[in-house]
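Thanks, everyone, for making time this morning. I would like to walk you through the aromatic rings, so please have the sequence and the structure open as I talk.

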Amino acid sequence: MGEMNVRLCGIELKNPVIPASGTFGYGWEFAQWYDINILGTFSCKGTTREPRFGNPTPRIAECPSGMINAVGLQNPGVRAVIDEELPRLRRCYDGKIMANISGFSVEEYAEVAALMAAEEQVGWLEVNISCPNVHGGGMSFGTSPRAAAEVTRAVRAVTDKPVILKLSPNVTDVTEIARACEAEGADGVSLINTLLGMRIDVRRRRPVIANRMGGLSGPAVFPVALRMVYQTARAVKIPVVGMGGVRAAEDVIEMMLAGATAVGVGAANLVDPCACRDIIAALPEAMDRYGIRSLAECIGGCD
Amino acid sequence: MKQGFYTVLENEPLTEQVFRMRLGGDTSPITAPGQFVNIRLAGRFLRRPISVCEWTEGELTIIYKVVGAGTAQMAAMRGGELDLLCGLGNGYDTAPSGASPLLIGGGVGVPPLYGLAKALKREGKDVSVILGFRSAREVFYEKEFAALGARVTVTTEDGSAGVRGFVTDALRNAAPYTYTYSCGPEPMLRAVYGAAATDGQFSFEERMGCGFGACMGCSCRTVTGFKRICREGPVLRREEILWER
């Protein structure tokens, strides 16, 4: 059997498959579907300083080969995550998690990062910079190299644990943002977050989603994600976590050939709770089919 | 909660737009009336959540309305297999019903009340039912409820069958009851909440992503905090409902 292990920012993963933030809660609820210890790791629900309800409903719209969501970062707040969610997770998961954090100001990012990084169960920080900057006119941090760099610097200053910046695809040149993060000491980048999209209820002549717009994910975005991972992996030296529309073992291999060191699986978990288990189980056979002895060796293997 | 494949044993129209599908497979994940299944359809990304009407060992019945391309695809099925997430949501709790519960359903909110009526009758309760529809053409399951030994009142908005008006018109004239269970569109639930004389349980509908608690797509605010309609719901108790949702 081929080797599936990879190293992500100095930490060994038994395989590159990582359930993506917002599709896997804080992990423990998925333990009733399968043993989540088989995962490379997983990225927890985006956590903010304060508890958040998020956006009004409807928050979900179906699309051809995908879905739009506008959940709006619903989460119990960093305190409750540390006091309640992580202890629950400990009962069913031995590994390190990727702590996904969000903020509406640079200070909030730093504060949440410091609290989460201090937790022994946290291996990596994944910093979602797609949220609006309330002090910067509401523009997303992730759409400006300067704002992205500022968040990176602030988070970098509060922890020695690996810091991975999660990039928005809703930009003209994602490599410019990735390089700005790398220059401020990011240990990795992950991409793509969802693509801004919209559906209209034709009968009612109003948007399906209460928030009007939301993030598109699912197989529909896979080629866009793959292209951005490919471009970014060539633009930076730090590892890239590739995600966007991955639903099968072949997609994992394709992402890795594009330059991903590890691969996130998002929307697929929502349609099939056992998606990641099945992808991991299918990987050895897929590797054999393509003559891959070690997944680590095929990272960036596409010309 | 369990994922499995179920055989389509029967799929027949009850009205112009409402169909009943009997499915064969493992029903052990279903633990209470009012729970739902989430159905994967070929070529559709998201599953379709549909409430369970009734179930026995090895067989379950769902009743659904054709409202879009996905349910139209279901209605066209003749046999074959469906991938289901089964036994989702909390379902109704029969414990607080008292001796003579009143069940109130509107349109495709009626089906889960059938399984509930069956469970309550098994417990020896004196069950009354108000079933609301737009017109006589849309009425279904009146006889089935009656066959369980429940007292049935049908209401139609145009008066073409039963009592003219809404379920609340029948509710105001109902014989004394000890508890209410309702399921239907949100305006109906609000009206029942306002008109009911007792405590009760209300089953809500919301657009869902996953149906099993992962995506937070169907969250609502309640007196006791945020709840997911798919997981801590779809049934909420009267005292926890916040109508600002």
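Let me begin with a term: a residue is called buried when its relative accessible area is under 20%. Please also keep in mind that this is a predicted model.

With that cut-off, Phe140(B) is buried because its relative accessible area is 5%, and Tyr141(B), also at 5% relative accessibility, counts as buried too.

Now to the pairs themselves, of which there are 17 over all chains. One of them joins Tyr92(B) and Tyr181(B), with 5.5 Å from centre to centre and 90° between the planes, an edge-to-face arrangement. Which parts of chain B does this pair tie together? Tyr92(B) belongs to the loop between strand E6 (81–88) and strand E7 (101–106), whereas Tyr181(B) is in strand E11 (residues 179–183), so the contact ties together parts that are 89 residues apart in sequence. Tyr92(B) is buried at a relative accessible area of 3%, and Tyr181(B) is buried as well, at 0%.

Coming back to Phe140(B) and Tyr141(B), their ring centres are 6.1 Å apart and their planes meet at 70°, so this pair is edge-to-face.

There is also a cluster, linked by ring pairs, that takes in Phe24(A), Phe30(A), Trp33(A), Phe42(A) and Tyr93(A) together with Phe212(B).

Finally, two arginines deserve a look: the charged end of Arg234(A) sits over the ring of Tyr230(A), 3.9 Å from its centre, while Arg238(B) lies over the face of Tyr193(B), with 4.1 Å to the ring centre.

Methods:
Residues numbered from 1 in each chain as written. Chains lettered and ligands numbered in written order. Predicted model: local features only at pLDDT ≥ 70, side-chain atom pairs only at ≥ 80, totals over all residues. Heavy atoms only, no water. Phe/Tyr/Trp six-rings, centres within 6.5 Å; stacked < 30°, edge-to-face > 60°. Helix = DSSP H or I, 4+ residues; strand = E, 2+ residues; numbered from the N terminus. Buried < 20%, exposed > 50% of the residue type's maximum accessible area, 1.4 Å probe, protein only. Lys NZ or Arg CZ within 6 Å of the ring centre and 35° of its normal.
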